[in-house]
Every structure is written in structure tokens, then in C-alpha cells.
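Please look over the protein shown here together with its ligand, and use the briefing that follows as a guide to the fold and to the ligand surroundings.

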Amino acid sequence: MLESEKIILRPFEEKDLEKWTSWFNDKDTTLYMNKRVFPNTLAQQKAHLKNSKVDKNNVQFAIVLKNEERSLIGSIGIHKIDWVHRTGDISILIGEKIGLGKGIGKEAIKILVNHAFLKMNLRKITAGMWSENIGSKKAFEANGFSLEGTRRKQFEANGKFYDSFEYGLLRDEWEERQNV
Ligand SMILES: CC(C)(COP(=O)(O)OP(=O)(O)OC[C@H]1O[C@@H](n2cnc3c(N)ncnc32)[C@H](O)[C@@H]1OP(=O)(O)O)[C@@H](O)C(=O)NCCC(=O)NCCS
């Protein structure tokens, strides 16, 4: 379990499945996600939970508030972990709208990046996002990630094209930021 002043990152449990499933069916939450196209089911989410417990190349956490109810608010994980090159790709979602725009995204990324570099011994973390996803861009930039490349018109939605922004953070860069 990982924690900061406002939030806790803990493993997902069966009791979380209903909320977790619903986030991927919400048109606002998935506005800039490929998940927006196909419906998500409880069975799919359950299978994903089961798989995430044994898959050594993915780590998945529930984001919960440090309130009395320990309210489940979102998810964050490191995926496609490459243990040879020591890289991994972060994805994050604040699924409960009440949690948006309160610095929770920034804080969750911060805790997970610390964990990735200090405990998992990764060397580089990447993150990809749709060019219009300003909240995501800012949350990663606030944690020291920089834009490494752009894939032009990578995504298409509602008759519009969106670039894919590829962000990255090296452990060296992260260490330098800790000393500032
Ligand atoms: C992207 C996301 C994780 C950001 O989480 P959040 O907790 O709302 O973000 P924070 O409150 O930490 O804000 C981070 C920064 O982005 C800004 N921001 C947040 N949402 C924004 C929005 N919709 N439009 C513009 N700016 C926004 C904040 O003001 C803050 O700016 P600052 O660093 O200058 O203070 C959240 O919007 C989300 O889960 N969206 C749906 C799923 C998604 O798109 N995931 C990312 C896929 S890569």
C-alpha cells in the first residue's frame, strides 16, 4: 500500500468491480481514451482483476481518498513493464467526478513514480495521451515528464483527429528534481 497526505494506492478488490467497470462506460471519463468505443462489462473487469494479480509486467492500484470511508476514486498503474530495459508505461483515471481537478491525479502519479524508481528499480517511465487531454498533460508535466515525441493524427473520434503525445521521465531527471 502506498500513501500520501490525501490518498492511498491499494490493490483492487472484488468489492471495487462495479465502480471500476462503470468508469470505462462513462462518455466524459473516456473522452480521450480508446476504451470509449467498446462497452465494458463486469465480467471483463473481473477477468482483468484476476489477470492483474498474476501478471508480472503490470502493476495496478486503486486510488482511494484518505477519508473515513476510504472512498474509491480512480485507478493508476504501470503497464508493459520491460524488466530488461527497466521501463514501464503509466496510465491513470480519476473515475469519480467528485475527485477531478483537486490535485489527486498529480499526487497519484507522484507516489507511483517514487515507487517505480525506488522499489521497482525502473529506469524510465513513459506516458501517452491524446493531444487535447490538457489535464493529463499538465499532471504528468507537473511530475517532471517531458514531451519526447508526437504521433500525428493517431486517434480519430467524432470526425476529428488527435495527435498522440508521448511523454517520458528518466530516473536521473527525477533524482535531480528531488534535490531542488
Ligand atoms: C487526466 C486526469 C487523470 C487528471 O487528474 P486530476 O486529478 O483531475 O488532475 P489534477 O487535479 O491533478 O490537475 C493537474 C493539472 O491539470 C489541470 N487540469 C485538470 N483537469 C483539467 C481539464 N479538464 N482541463 C484543463 N486543465 C485541467 C489542473 O488545473 C492542474 O493544473 P496545474 O498543475 O497547473 O495546477 C483526469 O482528468 C482523468 O482521469 N481523466 C479521465 C481519464 C484520462 O483521460 N486519463 C488519462 C489518460 S492518459
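Which helices and strands each supply at least two residues of the shell around the ligand? In this predicted model, strand β5 (87-94) and the helices α3 and α4 each do so. The points below begin with that shell, turn to helix α4, and then take up the sheet and the chain as a whole.

**Around the ligand**

- Helix α4 gives the most to the shell around the ligand, contributing five residues.
- The surroundings of the ligand comprise 21 residues, of which Gly 105, Lys 106, Gly 135, Ser 136 and Lys 138 come nearest.
- Sorted by class, the shell consists of 11 nonpolar residues, seven polar residues and three charged residues.

**Helix α4**

- Within α4, which covers residues 134-141, the residues Ser 136, Ala 139 and Phe 140 are buried.
- Viewed down the helix axis, the buried residues of α4 fall within an arc of 95 degrees, so they line one face of the helix.
- The face of α4 turned away from that buried side carries Ile 134 and Lys 138, both of which are exposed.
- The cover over the buried residues of α4 includes helix α3 (104-118) along with the strands β6 (124-130) and β8 (160-170).
- Ser 136 is thus named twice, being a buried residue of α4 and one of the residues that come nearest to the ligand, while Lys 138, also among those nearest the ligand, is exposed on the face of α4 turned away from the buried side.

**The sheet**

- Eight strands form an open sheet with mixed pairing, and their order in the sheet is β1-β2-β3-β4-β5-β6-β8-β7.
- The edges of this sheet are β1 (2-3) and β7 (146-157), each of which pairs on one side only.
- Strand β2 (residues 7-10) pairs with strand β3 (residues 59-65) in the antiparallel sense, over four bridges, and Arg 10 has Ala 62 of β3 as its bridge partner.

**The chain as a whole**

- The protein chain contains five helices and eight strands, and from the N terminus on its elements run β-β-α-α-β-β-β-α-β-α-β-β-α.
- A compact globule of 180 residues would have a radius of gyration near 16 Å, and the protein chain, with 16 Å, agrees with this.
- The C-alpha trace spans about 45 × 40 × 35 Å along its principal axes, and buried residues make up 25% of the 180 residues.
- Among contacts between residues at least 6 apart in sequence, 54% join residues at least 24 apart.

How values were computed: Residues are numbered from 1 along each chain as its sequence is written. This is a predicted model: local features need pLDDT of at least 70, side-chain atom pairs count only at pLDDT 80 or more; totals for chains, interfaces and linings use all residues. A residue is buried if 20 or more other C-beta atoms lie within 10 Å of its own, exposed if 12 or fewer, and partly exposed in between; C-beta atoms are placed from the backbone. The arc is that of the directions from the helix axis to the C-beta atoms. Two residues are in contact if their C-beta atoms, placed from the backbone, lie within 7 Å. A residue is near a molecule or strand if its C-beta atom, placed from the backbone, lies within 6 Å of it. Ala, Val, Leu, Ile, Met, Phe, Trp, Tyr, Cys and Pro count as nonpolar, Asp, Glu, Lys and Arg as charged, and the others, Gly among them, as polar. The radius of gyration is taken over C-alpha atoms; the globule rule is 2.2 Å times the number of residues to the power 0.38. Two strands pair if DSSP finds at least two bridges between them.
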